[in-house]
Amino acid sequence: RALDAEPMRQAVAHLAPDLDETQRDLLSALAEGAPGRALELAETGALDLYRDIAGVLKGLPRLNAPGLFALAEKLSRASVDRLAVFVSLLAQIEERVLRGAYTALPPVPGEDSLLNHLRTTVPLESWSRLWDELRLQAIRADALNLDKKQLVLNTFFAIEAAARR
């Protein structure tokens, strides 16, 4: 089972001592109470990746094009593990959009306004479809060794299209 907040903070402080308190809190929340996951996220640069994803999504209903293309380019040169972290982080955001509309979730620091914006910009039923599509496309891209940049772009274009309906 997931660690409670305080033991998780202590574990992350031990596993990632060079991060400041704000970064450790964000890492703890993104790892959802799993210290091993926190270490994986820290080692793959997930905090910057999370901020890049959030920065692109904040622009909806029109995507932040420069941010999107910079993110897609960065991920096109990344390892398969980093692409998996991207998929995981975006799927977590989508899940928090959906679940947070109906239940209280442990907060990710600073994410409330983003989630509220995403809930009002894209209908909840679309988020459910987008969440499923993201996972399927990621599996397909990995199995067929498809272009990572195109996966990232197509994912965000589908979100933007849902926001415009």
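A residue counts as partly exposed when its relative accessible area falls between the buried range, under 20%, and the exposed range, over 50%. The model on screen is predicted.

**Stop 1: Asp48 and Arg51**

Select Asp48 first. Its relative accessible area is 48%, so Asp48 is partly exposed. Now add Arg51, which forms a salt bridge with Asp48; the closest N and O atoms are 3.5 Å apart. Both residues sit in helix H4, three residues apart, which means about one helical turn separates them. Arg51 is also partly exposed, at 38%.

**Stop 2: the loop after helix H4**

Follow the chain out of helix H4 (46-57) into the loop that leads to helix H5 (65-76), where Pro61 lies. Select Leu60 together with Pro61 and look at the bond between them. Is that peptide bond cis or trans? It is cis, with omega at about 20 degrees. Most peptide bonds are trans.

**Stop 3: Glu32**

Go back along the chain to the loop between helix H2 (21-30) and helix H3 (35-43), and select Glu32 there. The phi angle of Glu32 is near 55 degrees, a positive value in a residue that is not glycine. Most residues other than glycine have a negative phi. Glu32 is partly exposed, with 46% relative accessible area.

**Stop 4: Arg37 and Glu40**

Continue into helix H3 and select Arg37 and Glu40, which lie three residues apart in that helix, about one turn. Their salt bridge has its closest N and O atoms 3.2 Å apart. Which of the two classes, buried or partly exposed, applies to Arg37? Arg37 has 18% relative accessibility and the cut-off for buried is under 20%, so Arg37 counts as buried. Glu40, at 36%, counts as partly exposed.

**Stop 5: Arg129 and Glu133**

Move to helix H8 (residues 124-144) and select Arg129 and Glu133, four residues apart, about one turn of the helix. Their side chains meet in a salt bridge, 2.9 Å from N to O. Glu133 has a relative accessibility of 31% and counts as partly exposed. Arg129 is partly exposed too, with a relative accessible area of 31%.

**Stop 6: a network**

Finish by selecting Glu6, Arg9 and Asp25, which are linked in a network of salt bridges. Side chains of opposite charge can pair when their charged atoms come close. The structure holds 11 salt bridges, including the one between Asp48 and Arg51 where the tour began.

Technical notes:
Residues are numbered from 1 along each chain as its sequence is written. This is a predicted model: local features need pLDDT of at least 70, side-chain atom pairs count only at pLDDT 80 or more; totals for chains, interfaces and linings use all residues. Side-chain values use heavy atoms; hydrogens and water are left out. Helices (H or I, at least four residues) and strands (E, at least two) are DSSP runs, numbered from the N terminus. Buried means under 20% relative accessible area, exposed over 50%, partly exposed in between (1.4 Å probe, protein chains only). A salt bridge is a side-chain nitrogen of Lys or Arg within 4 Å of a carboxyl oxygen of Asp or Glu.
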